[in-house]
Amino acid sequence: MYEMTLGLEIHCELKTESKIFCGCRNEFGGEPNTHCCPVCSGFPGVMPVLNEKAVEYTVRTGLALNCEISRYSKWDRKNYFYPDLPKAWQTSQYDLPLCKGGFVEYELDGKIKTVRINRIHLEEDAGKLLHEGGVSRIDYNRSGVPLMEIVTEPDLHSEAEAVAFLDGLKSVLKYIGVSDVKMQEGSLRCDVNLSVAKPGQKLGTRTETKNLNSFSAVKRSILFEYDRQCGVLNAGGTITQETRRWDDNKSVGYSMRGKEDAHDYRYFPEPDLMPVVLSGEKIEEIRKAIPRLKKERIAIYTEKLGLPLYDARILTADKDIADLFEGTAAVFKNPKKASNYIMSEIMRKGKREGSEDVEIGVSPAALAEILTLIDSGVISLAASKDVLDAVWNGAESPLAAVERLGLRQNSDSGELESAVKEVIAANASAAEQYKAGNQKVAAFLVGQVMKATKGKSNPKLVGELIEKLLKTN
Amino acid sequence: MKVTRKEVERIAALGRLELSEEQKREMEAHLSGMTEHFKMLDAVDTSSVPPTAHILDKVNVLRPDKAEPSFERDALLANAPERDGECYIVPRAVE
């Protein structure tokens, strides 16, 4: 039985306003070639000027991942011919990257595990090729987007570990605000280096599967490549060191042939860019700008806000959710109720098919207002879902939505009493059971009243009325 | 230092250059001459000189992260040998 060893290279697009070497907008999408200029389109004779924010974000990441920050780093040209790079080289960092060493802790099956980081360097992203018929169309909007590459040591040994690590890393990157880490938009991509060996033996020859853009693709490509390598070795063959691709639709990996002879990037120092020198003060200044991470937030939620650890973990899994919770709890002073509502309604509503992210369409202020409306009995919990639908990604205020949709619940006991009486009359046997001491049917009767009044009754009041009417009967 | 025929061919292949036999012979001579010339640097004692990343002393040439208007697409595409109004078009290139 072979054991697998994995090392990952994670490419992460930084969330700057402009590109790395020019002022073109760094923005996903857009009409092809509309976020471009001679610099990012690789025109001859142009000069790049480094974006200071891209450096800061990379250093911030290095600090969050416990790296040593280089006081002196430089730029290099990585030469290769492929039309996604108009200059025929990628400006990158070779021997003096911005960050070295470091580690990431992640959790799997309740255990804390560690992956060492080898290095983090900064480079430019390439353009996008759209293959159509006999030609390739090129869109350079992505060309020059600041791209950070995080390289791990080979410390992972299963697909589950790889995904759990990526999930932990993704959370850190989002918390520190350097990237929106949207795998489906390509702002986080992963290359997997994999080798197999019998336990105790030295590492086998590795292959690299490039450009995986979902956790599911990472997982399936690892299982595929592990099986393939084991199969080759079991049949007496040897593993060739090679670069591979993953076809996500067919769930198969394949070799990129014919690259061996040209696999020499001829790195050399970039003469158009000056080295970056960072002082101790500058590094400390960047360190101070790192926002509170997951661990710290969990401590605050459990210790100061009195939430169970279970809630704190779910709320902090995604920074957007954690921010929504904190903003809501600052206004609506019942953290547990806010937590419950976010964990149920918001997370259900914000979950997208085929995406690891939760999209939030409600502001903390609006959510606090909805919770206050429920709490003060103006709307029922059931009706709050319609309010949430109405305000989601919109400008309407919750209260305005309540009035427009007529969701204000009935707290008029006279009107309610007749509705309750009707339900009791129509459900005589349930009423008898209640009177005989079966408290459980109360919920059924309340439900019937809610149904009859289309959810617009105050369930608490309905419960009280049922009790009153059946006891005095 | 002699640059061999094999090295010339490899360098040409990396640069996507097709050289005739005649040109390969010329390159062998030229590149050998150049490396020979630079060998004179070996005579200099550089043990106390730190590695040089750039010939200029300047460091930290940075710009603030501010978006500026991009170029007109038509102007950018005007130089492309082939284009379709939105994109540059090249022979199909699948890695």
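This is a short tutorial dialogue on reading a predicted model with chains A and B.

Biologist: I am new to this model. Where do I start, and how many helices and strands are in chain A?

Modeller: Welcome! Keep in mind that the model is predicted. Chain A has 15 helices and 18 strands. Its C-alpha trace spans about 95 × 55 × 50 Å along the principal axes.

Biologist: How do I read the radius of gyration of chain A, and what would a compact globule of 473 residues have?

Modeller: The idea is to set the value of the chain beside the value expected for a compact globule. For 473 residues that would be near 23 Å, while chain A has 29 Å. Two further numbers help fill in the picture. Of the residues of chain A, 40% count as buried. And among contacts in chain A with a separation of 6 or more, 68% are between residues 24 or more positions apart.

Biologist: What about chain B, and in what order do its elements run?

Modeller: Chain B has three helices and two strands. Starting at the N terminus, the order is α-α-β-α-β. Chain B is more spread out than a compact globule, because its radius of gyration of 22 Å is well over the 12 Å that the globule rule gives for 95 residues. Its C-alpha atoms fill a box of roughly 55 × 45 × 25 Å along the principal axes. As for burial, 9% of the 95 residues of chain B count as buried.

Biologist: Now to the place where the chains touch. How many residues does each chain give to the contact?

Modeller: Chain A gives 42 residues and chain B gives 33. On the side of chain A, the elements that give two or more residues are strand 2 (50-51), helix 1 (52-64), strand 10 (128-132), strand 11 (135-139) and strand 18 (276-277).

Biologist: Which element of chain A gives the most to that side?

Modeller: That is strand 11 of chain A, with five residues. By residue type, the side of chain A that touches chain B has 20 nonpolar, eleven polar and eleven charged residues.

Biologist: How does strand 11 of chain A pair with chain B, parallel or antiparallel?

Modeller: When reading paired strands, look for the bridges and for the direction of each strand. Here, strand 11 of chain A and strand 2 (residues 88-91) of chain B run antiparallel and are joined by four bridges. You can find two of the facing pairs yourself: A:Arg137 is opposite B:Ile89, and A:Val135 is opposite B:Pro91.

Biologist: In what order do the strands of that sheet lie?

Modeller: The order is 10(A)-11(A)-2(B), an open sheet of three strands with antiparallel pairing. Strand 10 of chain A and strand 2 of chain B are the edge strands, each pairing on one side only. On average, neighbouring strands in this sheet are turned by 30 degrees against each other, direction ignored.

Biologist: Which strands of chain A does strand 5 pair with?

Modeller: Strand 5 (residues 76-79) of chain A is joined to strand 6 (residues 89-92) of chain A by four bridges, running antiparallel. Strand 5 also pairs with strand 17 (residues 268-269) of chain A, again in the antiparallel sense, over two bridges. A:Arg77 is a handy residue to look at: A:Thr91 in strand 6 stands opposite A:Arg77, and so does A:Phe268 in strand 17.

Biologist: And which sense does the pairing of strand 14 and strand 15 of chain A have, parallel or antiparallel?

Modeller: Strand 14 and strand 15 (residues 243-247) of chain A pair in the parallel sense, over two bridges. With strand 13 (residues 188-197) of chain A, strand 14 (residues 207-212) runs antiparallel, joined by four bridges. Look for A:Glu208 in strand 14: A:Asn193 is its bridge partner, and A:Thr243 in strand 15 stands opposite A:Glu208 as well.

Biologist: Last one: how are two packed helices described?

Modeller: By the angle between their axes and the distance between the axes. Take helix 13 (residues 428-435) and helix 14 (residues 441-452) of chain A: their axes come within 9 Å and cross at roughly 145 degrees. The crossing is left-handed. From helix 13, A:Ala430, A:Gln433 and A:Tyr434 meet A:Val441, A:Ala442, A:Phe444 and A:Leu445 of helix 14. Six of the residues in this contact are nonpolar, one is polar and none is charged.

Methods. Residues numbered from 1 in each chain as written. Chains lettered and ligands numbered in written order. Predicted model: local features only at pLDDT ≥ 70, side-chain atom pairs only at ≥ 80, totals over all residues. Rg over C-alpha atoms; globule rule 2.2 N^0.38 Å. Buried ≥ 20, exposed ≤ 12 C-beta atoms within 10 Å, placed from the backbone. Contact = placed C-beta atoms within 7 Å. Axes fitted to C-alpha atoms, helices over the stretch in contact; angles between N-to-C directions. Left-handed = near helix turned anticlockwise from the far one by under 90°. Nonpolar A, V, L, I, M, F, W, Y, C, P; charged D, E, K, R; others polar. Pairing = 2+ DSSP bridges.
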